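Hi everyone, thanks for coming. Let's take a look at a structure together, and I'll point out a few places worth finding on your screens.

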Amino acid sequence: MAMVLWLLFSPFLFLSVSVNTQTKVTDNPADELVAALNANRTAHKSSALTDNPGLACIALQYIKAYQGDCKAVGEAKKPADSEFSETFAPNCGVEASTLSPITGRLLGCQSKYVEPSEAFSMLMKNEKSLEILYNKNHTEVGAGVTGSDGGGPYFWCVLFSNGKHNSSFVAQGGVAKISRPGCFSGANDECSGANDLSRLHHMWLYAVTAFVAAGYAFGI
C-alpha cells in the first residue's frame, strides 16, 4: 500500500518542489530571451549586449501601450516616440535625461504562451529582423514579456540602444520599478511568468489525476 501511494504521489511531490525552486530570476522568460539573443549574436561573431533593466522596463511599458491589441502589432503600429519620455520612463522610474536613442525594436504577439526559445524564433520572422539583431550600433538591450490581464495574447518585446553602460536608462535609486503583470530582463526579480502558471496548471492536473487513481486503487 505504501509503495502504491509513493508511485502515485512522488511525481506530484517532485513537481511541487520544482515549482518552488525553479521560480528564480534565471527562469524569468525575459532574461531567457536576452540570453538566447546574445548567444545568437556571439555565434554570428557579433558582441554580446549589456542587459539594461531600465531599458527592459521601458520595453514592458512599450508592450502595455498596445493594450492587448495583437492586431496592431501585425499592422506595424507603434507608440509615439514622445511616449518614451512622457509615459514609459516615468512609469519605470527612469530619469528622462538618461534616455538614449532606440537603435532597434523587435515585437511579437501570439494567442498562446511559448517558451523563450520559440519566442526568439518568432521574432526572427524576416531579413529585417536579422538585420536589427546583428546591428553593430547596438550596445544595450532590454526585453519585456507579458500577457493581457495575466492571460493571452502574449507579447514579447526587445528594445536595443546605443547608450553607454551605467549612464543610459538610469533608474532613480538604481532600481527600475517592477510592474505587474509582466516581466522584464535584468531586474533580479522573481517573475511569475506564463511559464510558471503553466507549470502550476500541470501540477494540479496531475494532483487531481493522482487522487482519482488513489480512489480506484483503494476502492473509494
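**A walk through the model**

Let me begin with helix α6, whose buried residues are covered by elements including α2 (29–43), β2 (102–110), α7 (127–134) and β4 (151–161). Before I go on, please keep in mind that this is a predicted model, in which local features need pLDDT of at least 70 and side-chain atom pairs count only at pLDDT 80 or more, while totals for chains, interfaces and linings use all residues. Residues are numbered from 1 along each chain as its sequence is written, and side-chain values use heavy atoms, with hydrogens and water left out.

A few terms will come up again and again. Helices (H or I, at least four residues) and strands (E, at least two) are DSSP runs, numbered from the N terminus. Buried means under 20% relative accessible area and exposed means over 50%, with partly exposed in between, using a 1.4 Å probe and protein chains only. A contact means heavy atoms within 4.5 Å.

Now the overall picture. The protein has 8 helices and 5 strands. Starting from the N terminus, the elements run α-α-β-α-α-α-β-α-α-β-β-β-α. Of the 220 residues in the protein, 45% are buried. And if we take contacts between residues at least 6 apart in sequence, 77% of them join residues at least 24 apart.

Back to α6, then. Which residues of this helix, residues 116–123, are buried? They are P116, A119, F120, M122 and L123. Looking down the axis of α6, these buried residues fall within an arc of 160 degrees, so they line one face of the helix. The arc here is that of the directions from the helix axis to the C-beta atoms. As a reminder, an α-helix has 3.6 residues a turn, so residues three or four places apart point the same way.

One of the elements covering that face is α2, so let's see how the two helices meet. α2 and α6 pack at an angle of about 55 degrees, and their axes are 9 Å apart. Axes are lines fitted to C-alpha atoms, for helices over the stretch in contact, and angles run from 0 to 180 degrees between N-to-C directions. That angle makes α2 oblique to α6: under 35 degrees counts as roughly parallel, over 145 as roughly antiparallel, 65 to 115 as roughly perpendicular, and the rest as oblique. The crossing is right-handed, which is the name used if the near helix is turned clockwise from the far one by less than a right angle, with anticlockwise being left-handed. On the α2 side we find P29, E32, L33, A36, L37 and N40, meeting P116, F120 and L123 in α6. By class, this contact has 7 nonpolar, 1 polar and 1 charged residues. Here Ala, Val, Leu, Ile, Met, Phe, Trp, Tyr, Cys and Pro count as nonpolar, Asp, Glu, Lys and Arg as charged, and the others, Gly among them, as polar.

Next, find α3 (residues 53–64) and α5 (residues 82–92), which pack at an angle of about 120 degrees with their axes 9 Å apart. α3 is therefore oblique to α5, and their crossing is right-handed. C57, I58, Q61 and Y62 of α3 make the contact with F84, F88, A89, N91 and C92 of α5. Those residues divide into 7 nonpolar, 2 polar and no charged.

Staying in α3, have a look at G54. It is buried, at 2% relative accessibility. Beyond residues up to four places away in sequence, G54 touches V94, F169 and A176. Its C-alpha atom is 8.5 Å from that of G186, 132 residues apart along the chain.

F169 deserves its own stop. It lies in the loop between β4 and β5 (183–184) and has a positive phi of about 50 degrees although it is not a glycine. Q67, in the loop between α3 and α4 (70–74), also is not a glycine and has a positive phi of about 50 degrees. Which of these is buried, and which is exposed? F169 is buried, with a relative accessible area of 3%, whereas Q67 is exposed, at 74%.Last stop: G142 in strand β3 (residues 140–148), which is buried at 0% relative accessibility. G142 and P53 are 89 residues apart in sequence and 6.4 Å apart in space, C-alpha to C-alpha.
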